[in-house]
Amino acid sequence: MNSIDPIEVEARLERLTEACRAAGLRMTHQRMEIFREVAQTGEHPDADTIFKRVRERLPMVSHDTVYRTLASLEEMGLVSRVDPICGRARYDANRDEHHHFICRECGSISDLYLNDEPVLPAGIENLGEVESLHVQVRGVCLNCKKTNQGA
């Protein structure tokens, strides 16, 4: 698992507590554990992966609870949803300004930081109000490239 620094995980969990308080939501053990599963990794897990991992600690958690909690965490701005063209939506608790590299072979998703943020084209306001800009770079990750070369 691509682990995140424990200090950063604690900061993310504190943001969860603050966001729940501000939204008038109870801080349930299930909500905390579902968020922790996303917050402690950089691997961008999908809902089924999160469900399986949380279920090891909370056997009574349901798929529905995981999906509803992920939706509320996204609505509160605590996680973002990464939608690869093929495959299931994945979740990311990294709120830094970043983009993603997606491996077309294994489906891994890695955070990508650009030196210069992309610029929206002139006239974009004629199409509508832009809420976010996200770049997805696709290719073959180094692990898959090594595996393919060795085959």
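Visitor: What share of the 151 residues of the protein chain counts as buried?
Guide: The share is 34% of the 151 residues, where buried stands for under 20% relative accessible area, exposed for over 50%, and partly exposed for what lies in between (1.4 Å probe, protein chains only). This is a predicted model, in which local features need pLDDT of at least 70 and side-chain atom pairs count only at pLDDT 80 or more, while totals for chains, interfaces and linings use all residues. Residues are numbered from 1 along each chain as its sequence is written, and side-chain values use heavy atoms, with hydrogens and water left out.

Visitor: How many helices and strands does the protein chain have, and what makes a stretch count as one?
Guide: The protein chain has 5 helices and 5 strands, which are DSSP runs numbered from the N terminus (H or I over at least four residues for a helix, E over at least two for a strand). Read from the N terminus, the order is α-α-α-α-β-β-β-β-β-α, and the C-alpha atoms fill a box of roughly 50 × 45 × 30 Å along the principal axes.

Visitor: Why is Asp-92 called buried?
Guide: Asp-92, which belongs to strand β2 (residues 90-92), has a relative accessible area of 4%, and because this is under 20%, the residue is classed as buried.

Visitor: Which residues does Asp-92 touch, leaving out those up to four places away in sequence?
Guide: Taking contact as heavy atoms within 4.5 Å, Asp-92 touches Val-38, His-44, Leu-78, Val-79, Ser-80, Val-82, His-98, His-100 and Asp-111.

Visitor: What makes the pair of Asp-92 and His-98 a polar contact?
Guide: A polar contact is a pair of N or O atoms within 3.5 Å, where within protein one must be able to donate a hydrogen and the other to accept it, and residues adjacent in sequence count only if both atoms are side-chain atoms. The side chains of Asp-92 and His-98 come to 2.8 Å, so the pair falls within the 3.5 Å limit.

Visitor: Why is His-44, one of the residues that Asp-92 touches, also called buried?
Guide: His-44 sits in the loop between α2 and α3, and its relative accessible area of 1% puts it in the buried class, because the value is under 20%. His-44 also has a positive phi of about 60° although it is not a glycine, whereas most residues other than glycine have a negative phi.

Visitor: What makes Ser-110 partly exposed?
Guide: Ser-110, in strand β4 (residues 109-112), has 34% relative accessibility, which lies between 20% and 50%, so the residue is partly exposed. Beyond four places in sequence, Ser-110 touches His-44, His-99, His-100 and Phe-101; its C-alpha lies 5.6 Å from that of His-100, although the two are 10 residues apart in sequence.

Visitor: How do you know that Glu-37 and Arg-57 form a salt bridge?
Guide: Their closest N and O atoms are 3.0 Å apart, and a salt bridge is a side-chain nitrogen of Lys or Arg within 4 Å of a carboxyl oxygen of Asp or Glu, so the pair qualifies. Glu-37 lies in helix α2 (residues 29-39) and Arg-57 in helix α3 (residues 47-57), so this bridge ties together parts that are 20 residues apart in sequence. Glu-37 is buried at 2% relative accessibility, whereas Arg-57 is partly exposed at 38%.

Visitor: Which parts of the chain does the salt bridge of Arg-88 and Asp-48 tie together?
Guide: The side chains of Arg-88 and Asp-48 meet at 2.9 Å, N to O. Arg-88 lies in the loop between β1 (80-82) and β2, and Asp-48 in helix α3, so the bridge joins parts that are 40 residues apart in sequence. Asp-48 is buried, with a relative accessible area of 14%. Elsewhere, salt bridges with shared partners link Glu-33, Arg-36, Glu-37, Glu-43, Arg-53 and Arg-57 into one network, and the whole structure holds 12 salt bridges.

Visitor: How do you know that Arg-31 has no salt bridge?
Guide: Lys and Arg count as positive and Asp and Glu as negative, with His and the chain ends not counted. For Arg-31, a buried residue, the nearest side chain of opposite charge is Glu-75, 10 Å away. Arg-31 lies in helix α2 and, beyond four places in sequence, is in contact with Leu-16, Cys-20, Leu-25, Arg-26, Thr-69 and Ser-72.
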